[in-house]
Amino acid sequence: MSPSPLTTSPEILSLLKDLHTKSLTQESTVDWHTLPQQCSAEFDSIMLDKFIALDQDKCELVYHVLRTINAKTVVEAGTSFGVSTIYLALAVAENAKRVGATTKPRVIATEKEESKANIAREHWATAGKDVEDVIDLRVGDLRETLTSDLGTVDFLLLDIWTPLALPALKLVQPYFRPGAVIIADNTIKADEKYRELFAYLDAEGSGFRRVTMPYEGGLDMIVYQ
């Protein structure tokens, strides 16, 4: 078994393991084939109490990428119960400790539902001040909450319902630094629903390059040039 890439305490590692277990247990009860259209009122109601957390191996990859590119400002489109947000916060906080670092670490997290945001805050409080203090949680429709005050963005996590992936990318794109990285989840499993996003990314002169990695459901890594 590979060692964890995280630089953190045993307590936080234990917390993350517990949250991932709860998410997987809950997700196994969801019949994805019978769900209503994403982002509809009925769909949102069903998902209101669901983790749908990014898988642990994907979270660890994201953490590793953030440490590698020395990311200080990260945007997360789709926070839910805040599991992946902990990884993002740990990574940018560690990067800020490097010699010569001057940028304050920040994770701009987005969540539509206030009830989910409250649970996320509880998880971050359990993780501790080092996690809590770097998270800028924006509750509401991300098409409104990501319109300002982003600064220079190093990384975007698109762990969001597919109809919102392209709008989120377009909102953050003006703030990307050269070499910024975007990770999009379930790109094989939901490839048909990502067609608009892929067409935008793959268009000649878009400034983006992407590769699909063989994680469960697919995971795309995109680089902004």
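Here are some notes on helix packing, buried residues and a couple of backbone oddities in this predicted model.

1. **Helix 4 against helix 3.** Start with the pair formed by helix 3 (residues 56-68) and helix 4 (residues 83-96): their axes sit 9 Å apart and make an angle of about 20 degrees. The two helices are therefore roughly parallel to each other, given that anything under 35 degrees gets that label. The crossing of helix 3 past helix 4 is right-handed. On the helix 3 side, the contact is made by Gln56, Cys59, Glu60, Val62, Tyr63, Leu66 and Arg67. Helix 4 answers with Ser84, Tyr87, Leu88, Leu90, Ala91, Glu94 and Asn95. Sorted by class, that contact comes out as 8 nonpolar, 3 polar and 3 charged residues.

2. **Helix 4 against helix 1.** Helix 4 has another partner in helix 1 (residues 10-27): here the axes come within 10 Å and cross at roughly 150 degrees. That makes helix 1 roughly antiparallel to helix 4, and the crossing is left-handed. From helix 1 you get Ile12, Leu15, Leu16, Leu19 and His20, which meet Val83, Ile86, Tyr87 and Leu90 of helix 4. The class split for this contact is 8 nonpolar, 1 polar and no charged residues. Tyr87 and Leu90 are worth clicking on, since they appear in the contact with helix 1 and also in the contact with helix 3.

3. **Glu94, a charged residue under cover.** Is Glu94 of helix 4 buried or exposed? Its relative accessible area is 16%, so it counts as buried, the cut-off being under 20%. Setting aside neighbours within four places in sequence, Glu94 is in contact with Thr7, Tyr63 and Arg67. Tyr63 and Arg67 both belong to the helix 3 side of the contact in point 1.

4. **Thr85, also in helix 4.** Thr85 belongs to helix 4 as well, and its relative accessibility is 0%, so it counts as buried. Which residues does Thr85 contact, leaving aside neighbours within four places in sequence? They are Glu76, Thr79, Val107, Ala109, Trp124 and Ile135. For a distance check, the C-alpha atoms of Thr85 and Val75 are separated by 9.6 Å, with their positions 10 residues apart along the chain.

5. **Val134 in its loop.** Val134 sits in the loop between helix 6 (129-132) and strand 3 (135-139). Despite the loop setting, Val134 is buried, with a relative accessible area of 8%. Not counting residues up to four places away in sequence, Val134 touches Ala89, Val92, Pro105, Arg106 and Val107. Val107 is 27 residues away from Val134 in sequence, but C-alpha to C-alpha the two are 6.0 Å apart. Val107 also turns up among the contacts of Thr85.

6. **Two positive phi values.** Most residues other than glycine have a negative phi, so the next two deserve a look in a Ramachandran plot. Ser80 is not a glycine, yet has a positive phi of about 55 degrees; Asp149 is likewise not a glycine and has a positive phi of about 55 degrees. Their settings are as follows. Ser80 is in the loop between strand 1 and helix 4 and is buried, with a relative accessible area of 11%. Asp149 lies in the loop between helix 7 and strand 4 and counts as exposed, at 54% relative accessibility.

7. **Helix 8 and its buried face.** Helix 8 (residues 165-172) has Ala165, Leu166, Ala168, Leu169 and Val172 as its buried residues. Looking down the axis, these fall within an arc of 160 degrees, so they line one face of helix 8. An α-helix has 3.6 residues a turn, so residues three or four places apart point the same way. The buried residues of helix 8 pack against strand 1 (73-77), helix 7 (142-145), strand 4 (153-158), strand 5 (176-185), helix 9 (195-202) and strand 6 (208-213).

8. **Helix 9, with a narrower arc.** The buried residues of helix 9 are Leu197, Phe198 and Leu201. Their arc around the axis is only 95 degrees, which puts them on the same side of helix 9. The face turned away from that buried side carries the exposed residues Arg195 and Glu196. Cover for the buried residues of helix 9 includes strand 4, helix 8, strand 6 and strand 7 (219-224).

Methods
Residues are numbered from 1 along each chain as its sequence is written. This is a predicted model: local features need pLDDT of at least 70, side-chain atom pairs count only at pLDDT 80 or more; totals for chains, interfaces and linings use all residues. Side-chain values use heavy atoms; hydrogens and water are left out. Buried means under 20% relative accessible area, exposed over 50%, partly exposed in between (1.4 Å probe, protein chains only). Helices (H or I, at least four residues) and strands (E, at least two) are DSSP runs, numbered from the N terminus. The arc is that of the directions from the helix axis to the C-beta atoms. Contact means heavy atoms within 4.5 Å. Axes are lines fitted to C-alpha atoms, for helices over the stretch in contact, and angles run from 0 to 180 degrees between N-to-C directions. Angles under 35 degrees count as roughly parallel, over 145 as roughly antiparallel, 65 to 115 as roughly perpendicular and the rest as oblique. A crossing is left-handed if the near helix is turned anticlockwise from the far one by less than a right angle, and right-handed if clockwise. Ala, Val, Leu, Ile, Met, Phe, Trp, Tyr, Cys and Pro count as nonpolar, Asp, Glu, Lys and Arg as charged, and the others, Gly among them, as polar.
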